[in-house]
Amino acid sequence: MLERALHQTRLEMVTSQLAARGIQDARVLEAMGTIPRECFVSPELESLAYWDGPLVIGHGQTISQPFMVAAMAASLVLQGDEVVLEVGAGSGYGAAVLSRLARQVVAVERIPELLEAARARWSALGLDNITGVLGDGTLGVPEWAPFDGICVTAAAPRIPPSLLMQLCPDQGRMIIPLGARAVQQLCLVRRVQAGEVQIIPQFACRFVPLLGEEGWDEVHGPET
Ligand code: SAH
């Protein structure tokens with residue numbers, strides 16, 4: 001019964017939170033209507049799974065708002081044959097959505113317990129084209145590079161050079177929140193001709209910090 005109700009709420013979320021706010025990519029809407037977000041939160045939060053905002057997932061982290069997940073996925077303009085890197089696997093929800101849009105998803109997470117739970121969810125849902133990697137995602141995953149798409153779901157002070165190097169030139173697209181620790185701009189990044197980098201800001205956003213060698217220091221320093 002609850003499952004049926006959640007299915008209905010998921011379809012309403014697609015209409016009222018995504019389509020109504022300008023998400024047009026039919027494949028993205030389909031993926032968001034298919035992946036059960038309730039499976040990516042703790043049982044107490046199941047009934048809030050389609051709330052129009054982020055939810056806590058433990059370890060001080062959050063699962064992003066559905067609109068944010070959809071907007072980020074749409075910005076990668078995926079056709080189905082791509083290899084995509086997600087930095088910050090968290091609950092595993094974003095990677096699950098991306099797995100319906102690309103050929104292969106590599107999802108890197110620094111907190112072992114979160115990655116373990118995400119892997120269990122992917123496998124329970126039969127999503128077999130996601131590879132979870134434990135480590136510092138600011139350094140990318142060189143074994144799987146280059147990537148057609150990179151989705152960074154934590155806030156960075158600047159574009160991590162390793163990620164840029166692992167993005168396919170010309171066609172590759174990276175979506176990344178860039179800015180201060182407290183608030184950022186979601187930016188679309190591309191490597192255009194002659195090693196130039198094109199950065200197109202999309203809208204203001206607020207993500208948890210990307211901690212690591214080419215991100216923020218683990219110790220919370222002064223705001224910049
Ligand atoms: N995409 C996630 C959102 C998770 S929040 C989802 O759909 O649920 C951001 C995640 O980024 C957190 O889980 C955090 O632990 C992780 N993170 C932060 N810095 C990281 C880094 N350098 N490498 C890998 N993961 C990182």
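How many nonpolar, polar and charged residues does the lining of the largest pocket have? By class, this lining has 21 nonpolar, 11 polar and six charged residues, where Ala, Val, Leu, Ile, Met, Phe, Trp, Tyr, Cys and Pro count as nonpolar, Asp, Glu, Lys and Arg as charged, and the others, Gly among them, as polar.

The model is predicted, so that local features need pLDDT of at least 70 and side-chain atom pairs count only at pLDDT 80 or more, while totals for chains, interfaces and linings use all residues. Residues are numbered from 1 along each chain as its sequence is written, and side-chain values use heavy atoms, with hydrogens and water left out.

The largest pocket (an open set of points on a 1 Å grid over the protein atoms alone, where a 1.4 Å probe fits, with protein on both sides within 12 Å along at least five of seven lines) is lined by 38 residues, each having an atom within 4 Å of a point. T62, T153, A154, F207 and V208 lie nearest the pocket centre.

The ligand sits in this pocket, in that more than half of its atoms lie within 2 Å of the grid points. Around the ligand are 25 residues, the closest being S91, E109, D136, G137 and L211, counted when a heavy atom lies within 4 Å. Polar contacts, pairs of N or O atoms within 3.5 Å, include the following.

| Ligand atom | Protein partner | Distance |
|---|---|---|
| nitrogen | E86, side-chain N or O | 3.0 Å |
| oxygen | G94, polar backbone atom | 3.0 Å |
| nitrogen | G137, polar backbone atom | 2.7 Å |

Methods. A polar contact is a pair of N or O atoms within 3.5 Å; within protein, one must be able to donate a hydrogen and the other to accept it, and residues adjacent in sequence count only if both atoms are side-chain atoms.
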